[in-house]
Amino acid sequence: MNSVSIVAATEEYVQKKLSGEGSGHDWWHVLRVCNNARTIAKKENADLFVVDLAALLHDIGDHKFHNGDETVGPRLAREWLEQQQVEEKTIEHVCSIIRDLSFKGAGTSSDMPTLEGKVVQDADRLDAIGAMGIARAFAYGGHKNREMYNPSIKPVLHDSFEAYKSSTAPTINHFYEKLLLLKDRMHTETARQMAAQRHQYMVDFLNQFYAEWNGER
Ligand code: ADP
Ligand code: NI
């Protein structure tokens, strides 16, 4: 099979697998990450086949379905890509990106050693900020029964991933604890520019939110 039909088959496979997931790791998230990744990859001259496959498969073994087992994603991706007779060098590259992306131990952010990995991680982080980031944060907060905002609960910076994940703080706090920090964590220049716009959109949103909260506008 050529790379175009492998990508098409992979889209179909992932869409089937992720359909009906309501907590922000649904098929639409994957599709947006894929679109972001393609935009970045073209500008940065990254390998589009590797980027497409890694973006499509990046949430396939999401920790929420598999009790935190981070080896599930790379394993499922490898099984699928072997079935499609993708060459080993590409399989290894794609799976290493998925492995590095899903590694969340000890509050560390793992490095992305290849350009294609950097592109996919930037693409995934872009989908957590801007208008999409705002929508996803409140969808997640609603799903978890969180308050939108509580002026007496101040944001804190968590020193481990576990502490961050177990926080039950209002959704607005998540902006200070994570979303507003993401623009400085982009690897590529293209994503940095996209992130700057999305970041400003969140800052404007927060200003409007507080003004409306206080009945000032
Ligand atoms: P990832 O780290 O793969 O982006 P997460 O599971 O941490 O995935 O988050 C999925 C989505 O839910 C993201 O958009 C994220 O910003 C949002 N989210 C995660 N934790 C919170 C939270 N405590 N409050 C609001 N939104 C959250
Ligand atoms: Ni993702």
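Here is a quick tour of a predicted model, taking in its domains, a nickel site and one serine.

## Domains

Let's begin with the overall layout. The domain assignment splits the protein chain into domain 1, covering 1-109, and domain 2, covering 128-217. Measuring between centres over C-alpha atoms, domain 1 and domain 2 sit 25 Å apart.

## The nickel site

Who holds the nickel ion (ligand 2)? Four residues coordinate the ion: His29 and His58, each through NE2, plus Asp59 and Asp124, each through OD. The distances run from 2.1 to 2.7 Å. Along the sequence, these donor residues follow the spacing H-x28-H-D-x64-D.

As for geometry, the angles among the four donor atoms of the nickel ion (ligand 2) range from 78 to 167°. Four donors count as tetrahedral only if all angles lie between 85 and 135 degrees, and the site here is classed as irregular.

Two of the donors can also be placed by how much of them is accessible. Histidine 58 has a relative accessible area of 6%, so this residue counts as buried. Aspartate 59 comes out at 8% relative accessibility, and is therefore buried too.

## Serine 167

Now for a spot in the loop between helix H8 (161-166) and helix H9 (171-177): that's where you'll find serine 167. Is serine 167 buried or exposed? Buried, because its relative accessibility is 15%, and the cut-off for buried is under 20%.

Which residues does serine 167 touch, leaving aside neighbours within four places in sequence? Its contacts are Arg146, His158 and Glu177.

Note on methods: Residues numbered from 1 in each chain as written. Chains lettered and ligands numbered in written order. Predicted model: local features only at pLDDT ≥ 70, side-chain atom pairs only at ≥ 80, totals over all residues. Heavy atoms only, no water. Donors = N, O, S within 2.8 Å, 3.2 Å for Na, K, Ca; no water. Tetrahedral: all angles 85-135°; square planar, octahedral: opposite > 155°, others 65-115°. Buried < 20%, exposed > 50% of the residue type's maximum accessible area, 1.4 Å probe, protein only. Domains from an automatic or database assignment. Helix = DSSP H or I, 4+ residues; strand = E, 2+ residues; numbered from the N terminus. Contact = heavy atoms within 4.5 Å.
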